[in-house]
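Have the sequence and the model open side by side. The walk below starts at one helix and works outward.

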Amino acid sequence: MIRLLVGLGNPGPEYEATRHNAGFWWIDEVARKLGTTLMPERSYFGLVARVNRPEGPVWLLEPMTFMNLSGKAVAALARFFKIAPDEILVAHDELDLQPGQMKLKLGGSHAGHNGLKDIHAQLGSPDYWRLRLGIGHPGVKAEVINYVLRKPSPEHREAIEKAIDQSLAALDLILPGDMERAMMKVHAKPPRPKPTKPPKPEDEPVPALDPPETPR
């Protein structure tokens, strides 16, 4: 089962609405769905909540260490509660997916993501689950830092939020570790809207008969 859910981001109101905080947005929605509230825990360098589930306790974590030290918080909590890497799911922003797209996967490289890089180092393993939330790419590598630290457009924010909503529908599969079925839900494309039927042409009015001519 998954025993630790982590959302990555940067602390502080100036970063709250930026693309790099998509992982925080996800954890906030998970907490709302599970009916819990994250509280500061100095021992784990972040905001933490515990939820008791039929499968056992599940921890929610938002590291307050800034992105490039995310592993410090993740490793502290995981080591204390003896949580293995493959019992951890980390939600994070993903440049290589468009807003509204997401991917659930186990392991792999950190692909230059500073939060994942530190988690790799602190856990000593890349074999944890990731929920990659697409934010799009600026198109130029030199612009990446500025891009992730800016707010998405309203359209992109809405697309990301819809993806988060879709992922929450798989939460009851993710937590007990039914990842194959969870992936099917997470990766499912939203149904295309049905094309609207063209309006029926209105019946042409029947021309009125000319009145009979009156004799002169």
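## From a helix outward

The cover over the buried residues of helix H3 includes H2, E5 and E7. The model is a predicted one. The buried residues of H3 are Gly115, Leu116, Asp118, Ile119 and His120. An α-helix has 3.6 residues a turn, so residues three or four places apart point the same way. Just past the end of H3 comes glycine 124, with a positive phi near 70 degrees.

Take one residue of this helix. Histidine 120 lies in H3. Is histidine 120 buried or exposed? Its relative accessibility is 15%, so histidine 120 counts as buried, the limit for that label being under 20%. Beyond its neighbours up to four places away in sequence, histidine 120 touches Gly108, Ser109, His110, Ser125, Pro126, Tyr128 and Arg130. Two of these contacts, Tyr128 and Arg130, also appear together in a charge-over-ring arrangement: arginine 130 lies over the face of tyrosine 128, at 4.4 Å from the ring centre.

Now move to helix H2, which spans residues 70–80. Its buried residues are Ser70, Gly71, Ala73, Val74, Ala75, Leu77 and Ala78. What covers them includes strands E1 (4–7), E3 (46–53), E4 (56–63) and E5 (88–94), along with helix H3 (114–123). H2 and H3 thus appear in each other's cover, by the lists for H2 and for H3. Just after H2, lysine 82 takes a positive phi of about 55 degrees.

Strand E4 deserves a stop of its own. Proline 63 is found there. Its relative accessible area is 1%, so proline 63 is buried. What does proline 63 contact, leaving aside neighbours within four places in sequence? The contacts are Val6, Gly7, Leu8, Gly9, Phe24, Phe45, Gly46, Ser70 and Ala73. Ser70 and Ala73 are among the buried residues of H2. Proline 63 and valine 48 are 15 residues apart along the chain, and their C-alpha atoms are separated by 8.5 Å.

One contact of proline 63 is Phe45. Phenylalanine 45 is found in the loop between strand E2 (39–41) and E3. Phenylalanine 45 is not a glycine, yet its phi is positive, about 55 degrees. At 33% relative accessibility, phenylalanine 45 counts as partly exposed. The charged end of lysine 72 sits over its ring, 4.5 Å from the ring centre.

Other rings group together. The structure holds 5 aromatic pairs. Tyr44, Trp59, Phe80 and Phe81 form one aromatic cluster.

Next, the open space. Rolling a probe the size of a water molecule over the atoms shows where empty space is left. The largest pocket holds about 660 Å³ of space. Of the 27 residues that line this pocket, the closest to its centre are His20, Gly112, His113, Asn114 and Val144. Which elements give two or more residues to the lining? They are E5, H3, strand E7 (129–134) and helix H4 (144–148). The lining divides into 10 nonpolar, 10 polar and 7 charged residues. E5, H3 and E7 thus return here as lining elements, after their part in the packing around H3.

Two loop residues make a contrast. Alanine 111 is found in the loop between strand E6 (102–106) and H3. Its phi is near 50 degrees, a positive value in a residue other than glycine. Alanine 111 is exposed, with a relative accessible area of 64%. Threonine 18 is found in the loop between E1 and helix H1 (22–34). At 3% relative accessibility, threonine 18 counts as buried. Leaving aside neighbours within four places in sequence, threonine 18 is in contact with Trp25, Val148, Leu149, Arg150 and Lys151. Of these, Val148 belongs to helix H4 (144–148).

Step back to the whole chain. There are 7 helices and 7 strands. Along the sequence they follow the pattern β-α-β-β-β-α-β-β-α-β-α-α-α-α. Buried residues make up 43% of the 216 residues. Among contacts with a separation of 6 or more, 67% are between residues 24 or more positions apart. Proline 63 fits that picture, with contacts including Val6 and Gly7.

Notes:
Residues numbered from 1 in each chain as written. Predicted model: local features only at pLDDT ≥ 70, side-chain atom pairs only at ≥ 80, totals over all residues. Heavy atoms only, no water. Buried < 20%, exposed > 50% of the residue type's maximum accessible area, 1.4 Å probe, protein only. Helix = DSSP H or I, 4+ residues; strand = E, 2+ residues; numbered from the N terminus. Contact = heavy atoms within 4.5 Å. 1 Å grid on protein atoms, 1.4 Å probe; cavity = no way out; pocket = protein on both sides within 12 Å on 5 of 7 lines; lining within 4 Å. Points joined across faces, edges and corners; volume = space filled by probe spheres on them. Nonpolar A, V, L, I, M, F, W, Y, C, P; charged D, E, K, R; others polar. Phe/Tyr/Trp six-rings, centres within 6.5 Å; stacked < 30°, edge-to-face > 60°. Lys NZ or Arg CZ within 6 Å of the ring centre and 35° of its normal.
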